[in-house]
Amino acid sequence: LFCVAAVNVFFTYPFFKMDFSLDGYPVTFVGMLAISLITSTTTTRMKKQKAILEERDKKLAEADKERIRANLLRAISHDLRTPLTSIIGSSASFMEDYEELTEEDRLELVSNINEDAHWLLNMVENLLTVTRIQNDSGKVRKSLEVVEEVVGEAINRVRKRHPDLVVNVDMPEDFLMIPMDATLIEQVMINLLENAFLHSGSNAPVNLVIENQEDQVAFHIRDYGIGLDEVQIPYIFEGKYHSDNTDSYRGIGIGLSICKTIITAHDGTICASNHEKGAEFTFILPK
């Protein structure tokens with residue numbers, strides 16, 4: 001309305017006067033007013049739609065966080081309670097039956113406590129990792145890292161826990177640097193290598209194959225054991241995977257759920273499958 005009046009006063013004859021008496025002026029100004037109203041209405045509607053979309057995206061992000069949190073809590077309720085019960089039971093037997101136990105029995109009880117405690121420590125590290133991502137609104141702070149160094153550190157850390165693990169690495173000769181949070185990606189590799197060693201049912205070396213693709217880098221971890229249950233593969237990253245071939249409480253669910261969270265926070269993808277002689281996990285990071 002203001003613009004129509006301003007054009008009439010300042011840019012049409014008679015100047016500096018409000019006058020709609022000339023032929024054609026009313027039609028012109030009605031047309032200008034209609035266009036202005038349509039444009040303003042459209043702009044307002046677009047702003048409202050943008051606000052609605054932003055609110056929807058926010059709710060979806062919150063729902064995704066809740067889903068991850070629910071999956072972790074479901075896995076934790078089983079994966080933490082059982083080793084704690086085992087530690088309490090072993091320590092109680094050690095204290096109450098100390099005189100009746102042989103030296104071999106005592107050593108076995110202490111070894112069980114030590115093993116369960118290390119498992120719990122690894123679980124806590126994983127949970128702290130997810131908490132770190134949650135605090136950063138589902139994203140991570142990336143910096144350019146040398147792939148070879150990250151892979152080497154992950155293998156060194158997992159071999160401290162499992163000295164018998166053998167990993168064959170096949171990677172390009174090119175100097176690879178990609179944006180990532182090195183600590184989190186190391187945790188992913190540790191989880192996958194540890195699962196391959198503990199749950200494959202085979203003593204064969206684990207293969208880590210790295211492919212340098214056009215705009216991404218793919219990491220393949222292959223074991224040569226019993227493979228995965230095909231029926232449960234679609235749920236393997238939701239903390240729900242349980243198999244008769246895995247330990248009663250050292251299942252691979254929670255670790256893989258955390259791997260999925262980390263890779264998703266890096267805008268990457270992760271999947272699981274079987275090959276001819278075992279299981280294969282692949283995660284891809286964008287360059």
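## A walk through the model, from the surface inwards

Start by selecting Phe10, Phe11, Tyr13, Phe15, Phe16 and Leu22: together they form a nonpolar patch on the surface, with about 750 Å² of accessible area. Keep in mind as you click around that this is a predicted model.

**Stop 1: around the patch**

Zoom in on Phe11, which sits in the loop between helix H1 (2-10) and helix H2 (25-79). Is Phe11 buried or exposed? Phe11 counts as exposed, because its relative accessibility is 65% and the cut-off for exposed is over 50%.

Now pick Phe16, another residue of the loop between H1 and H2. Phe16 is exposed too, with a relative accessible area of 65%. Have a look at the backbone here: phi of Phe16 is near 60°, which is a positive value in a residue other than glycine.

Next, select Lys17, which also lies in the loop between H1 and H2. Lys17 is exposed, at a relative accessible area of 53%. If you want to try the distance tool, go from Lys17 to Ala5, C-alpha to C-alpha: they are 12 residues apart in sequence and 9.7 Å apart in space.

**Stop 2: the whole fold**

Zoom out and switch to a cartoon view. You should find seven helices and seven strands. Trace them along the sequence and the pattern reads α-α-α-α-β-α-β-β-α-β-β-α-β-β. The protein has 287 residues, and buried ones make up 39% of them.

**Stop 3: a patch of negative charge**

Select Glu96, Asp97, Glu99 and Glu100. These four gather in a patch of negative charge on the surface. Asp97 is found in the loop between helix H3 (81-96) and helix H4 (103-135). At a relative accessible area of 34%, Asp97 is partly exposed.

**Stop 4: the salt bridges**

Side chains of opposite charge can pair when their charged atoms come close. How many salt bridges does the count come to? Four. Here are some to visit.

Begin with Arg106 and Glu103, whose closest N and O atoms are 3.5 Å apart in a salt bridge. Both residues belong to helix H4, and they are three residues apart, about one turn of the helix. Colour the two by accessibility and you get a contrast: Arg106 counts as buried at 15% relative accessibility, whereas Glu103 is exposed with a relative accessible area of 59%.

Move on to Asp267 and Lys142. Their salt bridge also has its closest N and O atoms 3.5 Å apart. This pair links distant parts of the chain, 125 residues apart: Asp267 is in the loop between helix H7 (253-265) and strand S6 (269-275), and Lys142 is in the loop between H4 and strand S1 (143-146). Asp267 counts as partly exposed at 48% relative accessibility, and Lys142 is partly exposed with a relative accessible area of 35%. Stay on Asp267 a moment and check its backbone: phi is near 60°, a positive value in a residue other than glycine.

Then select Glu280 and Arg222. Their side chains meet in a salt bridge at 3.0 Å, N to O. Here again the pair links distant parts of the chain, with Glu280 in strand S7 (residues 278-286) and Arg222 in strand S5 (residues 216-222), 58 residues apart. Which side of the 20% line does each partner fall on? Glu280 is buried because its relative accessible area of 12% is under the 20% cut-off. Arg222, at 22% relative accessibility, counts as partly exposed.

**Stop 5: the nonpolar core**

Finish inside the protein. The largest nonpolar core has 43 residues, so show side chains as sticks and begin with Ile185, Phe219 and Phe283, the ones with the most contacts inside this core. Which elements give two or more residues to this core? They are helix H5 (147-161), strand S3 (177-180), helix H6 (182-199), strand S4 (206-212), S5, H7, S6 and S7. Highlight H6 in its own colour before you close the session: H6 gives the most to this core, with nine residues.

Methods. Residues numbered from 1 in each chain as written. Predicted model: local features only at pLDDT ≥ 70, side-chain atom pairs only at ≥ 80, totals over all residues. Heavy atoms only, no water. Patch = residues over 30% accessible without salt bridge, like charges linked within 9 Å, V, L, I, M, F, W, Y side chains within 5 Å. Areas by Shrake-Rupley, 256 points an atom, 1.4 Å probe, with all protein chains shown as cover. Lys, Arg positive; Asp, Glu negative; His and termini not counted. Charge placed at Lys NZ, Arg CZ, Asp CG, Glu CD. Helix = DSSP H or I, 4+ residues; strand = E, 2+ residues; numbered from the N terminus. Buried < 20%, exposed > 50% of the residue type's maximum accessible area, 1.4 Å probe, protein only. Core = buried A, V, L, I, M, F, W, Y, C linked by side-chain atoms within 4.5 Å.
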